[in-house]
Amino acid sequence: MITVVGAGTGTPVPEDVLAGAALVVGGRRHLDAVRLPADAERVVLGPLAPALDVVERHLEKAGRVVVLASGDPGFFGIVRVLAERFGPERLDVRPGVSSVAAAFARAGLPWDDAVVVSAHGRELRTAVNVCRARPKVAVLTGPGAGPAELGAALSQDPSAPGGRVLVVASALGSARERVERVTPAEAAARDWGPDVSVVLCVDEGRTLGGVRTVAGAPAGPAGWALAEDRFAHRDSMITKFEVRALALARLGPRLGDLVWDVGAGSGSVAVECARLGAAVVAVEKAPDGVARIRANADAHGVDVRVVHGSAPAALAGLDDPDAVFVGGGGRELPAVVGACARRARRTVVVAMAALDRVPAARAALTEAGFTCDGVLLQSSRLAPLPGDVTRLAATNPVFLLWGVRTPASSEGVAQ
């Protein structure tokens, strides 16, 4: 058996666990904190592959192996690697307090409604987008993805949410433990050193509002492609739910994504993408439209950042999106679609009422390296007539184009 013990966040390692161990593996600080058996081999964790090879040799000789890990080793920890290599039946896991649980405890906050994301060995942009989209997030840090980098990304984006506070928990459970509350800008301006364990990104105005949860994570929406009367809009100037349904399917918004809604109007697409977990920026030139987008986002309990301005100029300074929805029309549409296509990492969806705009929009997508497809959507809805009968009422036809970036063309996108 391999005994995996969580330590380092206030949980001591029982002496009987180490008794009789032929091999003890762990980080240097964990190994230095325990008394090892005199004849036990000690391996300081660095690159995993050599350490796992040593573990395998001891198992072949029926030697007892103990692995010391931080906090809960089954939570973004070494249990996954050990189970894949040796099988879960060979593991005796004894979890300690995870760094995430310890950080929220130090901050005095519940965390059953929090989202946890790891930036260790992963793209920081995913963690940044989750922090933009959710009011309570724990980020497990890594080299080049710590509080300074997270704070810089959140404070430099002109569309970033206000009111976020970062709780930086360093060296949890050790004598060097520090827990500090800072703004994103303050975090960006500091050198935090190597001891950071976890960063909490908290919107203090929304974290105690009783967010509904499922298995510890925010519940997803009960439905999408909501009816138009679920949004404030002007003179029926709103993307109809039939069009929105297909647009959402092609956009594929998800937690960790960044989506632009350009020419957002009422913001119905932006709100729906945010309800599905994405971080969303809505770009709208009309002042009354900006107010409606904010009102609709508030009504649906989501965080949509609104940029007041006209595209493509208003897109400057925004982080590159995973997906873009372009609504409206006008002479500037091809230039807007082209500007969005040059920045989008995955897909661009364009909705148009005018047939004349379709060729130019399609050309803008293909010239940017996208594979383009589209449909004409024309639906008829049930409508009552006198005498308790029903007729079909046609809605205005809409052209929906979508471009998907090919793998070769994605190499030119800023990362």
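Is helix α6 (residues 124-133) mostly covered or mostly uncovered? In this predicted model, helix α6 is mostly covered, with nine of its 10 residues counted as buried. The buried residues of α6 are Leu124, Arg125, Ala127, Val128, Asn129, Val130, Cys131, Arg132 and Ala133, a list that can be followed along the helix in the structure above.

**The protein as a whole**

The protein has 13 helices and 21 strands, and of its 415 residues, 50% count as buried. Among contacts between residues at least 6 apart in sequence, 65% join residues at least 24 apart. The table gathers some further values for the whole protein.

| Property | Value |
|---|---|
| Span of the C-alpha trace along its principal axes | about 90 × 50 × 40 Å |
| Exposed area of the protein | about 19,300 Å² |
| Share of the exposed area from carbon and sulfur atoms | 53% |
| Positive side chains | 45 side chains |
| Negative side chains | 44 side chains |
| Separation of the centres of the two charged sets | 2 Å |

**The nonpolar cores**

The largest nonpolar core has 33 residues, and those with the most contacts inside it are Trp260, Leu315, Val326, Val348 and Leu365. At least two residues of this core are supplied by each of the strands β13 (258-262), β14 (279-284), β16 (323-326), β17 (347-352), β18 (370-377) and β21 (398-405), and likewise by each of the helices α12 (333-343) and α13 (358-367). The largest share, six residues, comes from α12. Apart from this core lies another one, of 31 residues, which includes Phe231, Val269, Ile293 and Val306.

Which residues does valine 326 contact, once its neighbours within four places in sequence are left aside? Valine 326 is in contact with Val262, Leu333, Val336, Val337, Cys340, Val348, Val349, Val350 and Ala351. One of these partners, Val348, is also listed with Val326 among the residues that have the most contacts inside the largest core.

**Arginine 254**

Where is arginine 254 found? Arginine 254 is found in the loop between α9 (241-251) and β13, and β13 is one of the elements that supply at least two residues of the largest core. Not counting residues up to four places away in sequence, arginine 254 touches Leu276, Gly277, Ala278 and Arg346. Lysine 136 lies 118 residues from arginine 254 along the chain, while the C-alpha atoms of these two residues are separated by 17 Å.

Notes
Residues numbered from 1 in each chain as written. Predicted model: local features only at pLDDT ≥ 70, side-chain atom pairs only at ≥ 80, totals over all residues. Heavy atoms only, no water. Core = buried A, V, L, I, M, F, W, Y, C linked by side-chain atoms within 4.5 Å. Buried < 20%, exposed > 50% of the residue type's maximum accessible area, 1.4 Å probe, protein only. Helix = DSSP H or I, 4+ residues; strand = E, 2+ residues; numbered from the N terminus. Contact = heavy atoms within 4.5 Å. Areas by Shrake-Rupley, 256 points an atom, 1.4 Å probe, with all protein chains shown as cover. Lys, Arg positive; Asp, Glu negative; His and termini not counted. Charge placed at Lys NZ, Arg CZ, Asp CG, Glu CD.
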